[in-house]
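Dear colleague,

Please find below the structure that I am handing over to you, with its sequence. My notes on what was found in it follow.

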Amino acid sequence: MKKHVVVIGGGVAGLEVAGQLSHSGIEVSLIEKESKTGGHLNNWYKLFPDRRKSSEVKEYLDRLSQNQGISLLTNTTIEGFHRNRNKFLITTNKGKELNADAVIVATGFDLFKSARKEEYGYGIYDNVITSADLEEKFRREEIVLVNGSVPETIGIIHCVGSRDEKVGNFYCSKLCCVTAVKQAIEIREQLPESKVFCFYMDMRMGGAFYEELYREAQEKWGVNFIRGKVSEASETIDDKLTIKVEDTLAGRPLKMKLDMLVLMAGMEMSDGGKKIAGIGGLRTGENRFFAATDNHTSSNKSNIEGVFYAGTCTAPMNITETISHARSAVLEVIDFLKDGKS
Amino acid sequence: MKLEGKKAIWSEYQKEIADDKFFYVRSCIRQNFFPGSEVAFLRIMRDVLKKDVYEHPCHTTCSGIGYHGDVVPVETAMTVVARQFALMTEAGYSNYIPSCITSFGLYTEILDTWHHFPEVEEKVRKQLKKATGREFEKPKNLAHASDVIYKFRKEIAAKAKYKLINKNTGEPLKVVDHIGCHYAKMFPSKGVGGAEYPYVLAGMIEEWGGQIIDYPERRHCCGFGFRQYLVQANRGFSVACSKEKFESMKPFKPDMIITNCPGCPMFLDRWQYVINEMEGKRYGQNGEGIPVFTYEEVAGLVLGYDPWDLGLQMHQTDCEPVLDKIGIEYSPEDKYNLEVIPSHTKNHNLINV
């Protein structure tokens, strides 16, 4: 009899594990809370560092997961999570009961709700937007202000909701710096007359080809990088924005007028993940993401035997790392299904 | 600007404010700066809202001005505050309302410190007992006096004689609200509306017919800043701070400024005179200054109190432009007439009348 695995979350990690498990002959139920799979990938225009279209990665994941062995349940959430000897009983919001031999949690992340950084005025000042909002503008190839005019001066604030004790997030979201660099280049590509200023605490360009992209942004695209945290944003009578920031390299305070302000929202444990942690008794860490049993040697294993993690539900990761992490989760599950031990 | 965004934030920062039986403590300095404001508060609370408000004659400074000026150690400030709480306890009250913003900030900070470090509270209790023989209960409810007026803003509106509306145009008066730094910047959850977009004064203005202005330097210091002003050599910074604000609000053509702190109305009012003397510059309309009020003064005006009973003749920037816009009746010749004794002070002992 075929083994059955429930995968919770149909983003990058969920699609990867579902596809790989199915190719290994395991029956998969893939649960997705939205009406379609893909997660945040659907909202992104191009990916760093090579700026390929995000739709290409989505196409790969769709091809991988288009398999008869996968039962896709969209608009579905988990309401019950019980372990009975060697089986898991998962109950959905639609009343469906799923018996599984193992469970992979791939609930991903939520973008930090930028309105919580009240001083930046997201949701209050018209032309304060997030990195996700900007991706939407890129997709439409229409970077315009609320009044329809084209912005000339654009500011990008790094670390919004990351490395920030005030909002309770001590950790680095890891991808916002390179996202800011990518988006700054894309703004300059689409609006060659514009000026772009990035306000950062540290430039954390730790991935392959990130540093090269950072250099390109400065040398080829003339993006200005100012080391300093923006303290506040306000709206002027002519609907422009003013920001206050300390330029910590020049050692002086700075006040600047902008047309548009882009907030690099960090990553947080998803609401869906929090719910499953609660009903399933799954341990979370200080950063509120799921806590693996061993960060070095068992980053896919949960505190419950037979429940595994894949992707950004455990920590901020880029797509490359997410896919690798998902594949290692698949290996763990296959190993577990052989002898019933994690 | 999207008002819905602000409303969402305001809805998150609401605090419990007691309904009656208040222990009121005055500010050390407000009676010198704007002598009618605290009296107006008591008149409104007792005569209009029929609330029980008690003042203790033995109340002293909270020492917050010294604490924030770096001349009073925190433990000393805590013991002084513990004594104020003892006075409240002895009088049989538990709802504490300071008139001063810095006092409110200090009380909030001390209660929070005692919450996290109970051993510090215990030490202060012993010090107070040893020094004065007094014991105390902590307030069940701590609110700034402006919180209380905010709470009863609708009741005041219902009894108002005037609205904050330009009688000639029918338009709402444009009002700049300036919140004292120690109100919510240290503890955003303790202020109505939080620290970034405080609602405590905006709520009053909306209710009384005016329109709040959001201008870029809204959060900027008024210019008091304790060590900016208390150290004489730094006073240039103080004027510069106020000027920064005036320059920023001027394009929005404000009719008036409302404040809830002892220092803010003082500096926003006086420095307009100084800047005019130094640079010949005025920030109001028609070559006038921008009148600056305390929230008690504004509440008193809408209730129809005589402007000179409220002490508005003590303002350095003339208040008449606003009085005329609203259509408030007043006697220009009595502005500085010391023979006219305000009716509400006759036969009254101001403490616990």
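The domain bounds used in this message come from an automatic or database domain assignment. Please bear in mind throughout that this is a predicted model.

**Chain A: domains and overall form**

For chain A, the assignment gives domain 1 as residues 4-108 together with 270-339, and domain 2 as residues 114-266. The C-alpha centres of these two domains of chain A are 32 Å apart. Where they meet, ten residues of domain 1 of chain A are in contact with 17 residues of domain 2 of chain A. The side contributed by domain 1 of chain A consists of five nonpolar, three polar and two charged residues.

In secondary structure, chain A has seven helices and 18 strands. Its radius of gyration is 22 Å, close to the 20 Å that the globule rule gives for 342 residues, so chain A is as compact as a globular protein of that length. Along the principal axes, the C-alpha atoms of chain A fill a box of roughly 65 × 35 × 35 Å. Of the 342 residues in chain A, 44% are buried. Among contacts in chain A with a separation of 6 or more, 66% link residues that are 24 or more positions apart.

**Helix H6 of chain A**

Which residues of helix H6 of chain A are buried? In this helix, which spans residues 271-280, they are Gly272(A), Gly273(A), Ile276(A), Ala277(A) and Gly280(A). These buried residues lie on the same side of H6(A), because they cover an arc of only 140° around the axis. Asp271(A) and Gly278(A), on the other side of H6(A), are exposed. The cover over the buried residues of H6(A) includes four strands of chain A: E1 (4-8), E4 (78-84), E7 (102-105) and E17 (267-269). Directly after H6(A) comes Gly281(A), with a positive phi near 70°.

**Backbone points to check in chain A**

Most residues other than glycine have a negative phi, and most peptide bonds are trans. The following places in chain A may therefore merit your attention when you view the backbone.

- The peptide bond between Phe48(A) and Pro49(A) is cis, with omega about -5°. Pro49(A) belongs to the loop between strand E2 (27-31) and helix H2 (54-65) of chain A.
- Cys159(A), a residue other than glycine, has a positive phi near 55°. Cys159(A) sits in strand E10 (residues 153-160) of chain A. With 26 other C-beta atoms within 10 Å, Cys159(A) is buried, because the cut-off for a buried residue is 20 or more.
- Arg288(A), also not a glycine, has a positive phi near 75°. Arg288(A) lies in the loop between H6 and strand E18 (307-309) of chain A. Arg288(A) has 16 other C-beta atoms within 10 Å and is partly exposed.

**Chain B: domains and sheet**

In chain B, the assignment gives domain 1 (15-145) and domain 2 (153-338). Taken over C-alpha atoms, the centres of these two domains of chain B are separated by 25 Å. Their contact involves 26 residues from domain 1 of chain B and 29 residues from domain 2 of chain B. On the domain 1 side of this contact in chain B, the elements that give two or more residues are helices H2 (30-33), H3 (37-48), H4 (64-68) and H6 (101-116) of chain B. H6(B) gives the most to that side, with seven residues. By class, the side of domain 1 of chain B that touches domain 2 of chain B comprises 13 nonpolar, nine polar and four charged residues.

Chain B also contains an open sheet of four strands in the order E2-E1-E3-E4, with parallel pairing. Strand E2 (53-54) and strand E4 (141-142) of chain B are the edge strands, each pairing on one side only. Strand E1 (residues 22-25) and strand E3 (residues 95-98) of chain B run parallel and are joined by four bridges. Within this pairing, Phe22(B) stands opposite Asn95(B) in E3(B).

**Contact between the chains**

How many residues does each chain bring to the contact between chain A and chain B? Chain B brings 15 residues and chain A brings 13 residues. The side of chain B that touches chain A has seven nonpolar, two polar and six charged residues.

With kind regards

Note on methods:
Residues numbered from 1 in each chain as written. Chains lettered and ligands numbered in written order. Predicted model: local features only at pLDDT ≥ 70, side-chain atom pairs only at ≥ 80, totals over all residues. Rg over C-alpha atoms; globule rule 2.2 N^0.38 Å. Buried ≥ 20, exposed ≤ 12 C-beta atoms within 10 Å, placed from the backbone. Contact = placed C-beta atoms within 7 Å. Arc of directions from axis to C-beta. Nonpolar A, V, L, I, M, F, W, Y, C, P; charged D, E, K, R; others polar. Pairing = 2+ DSSP bridges.
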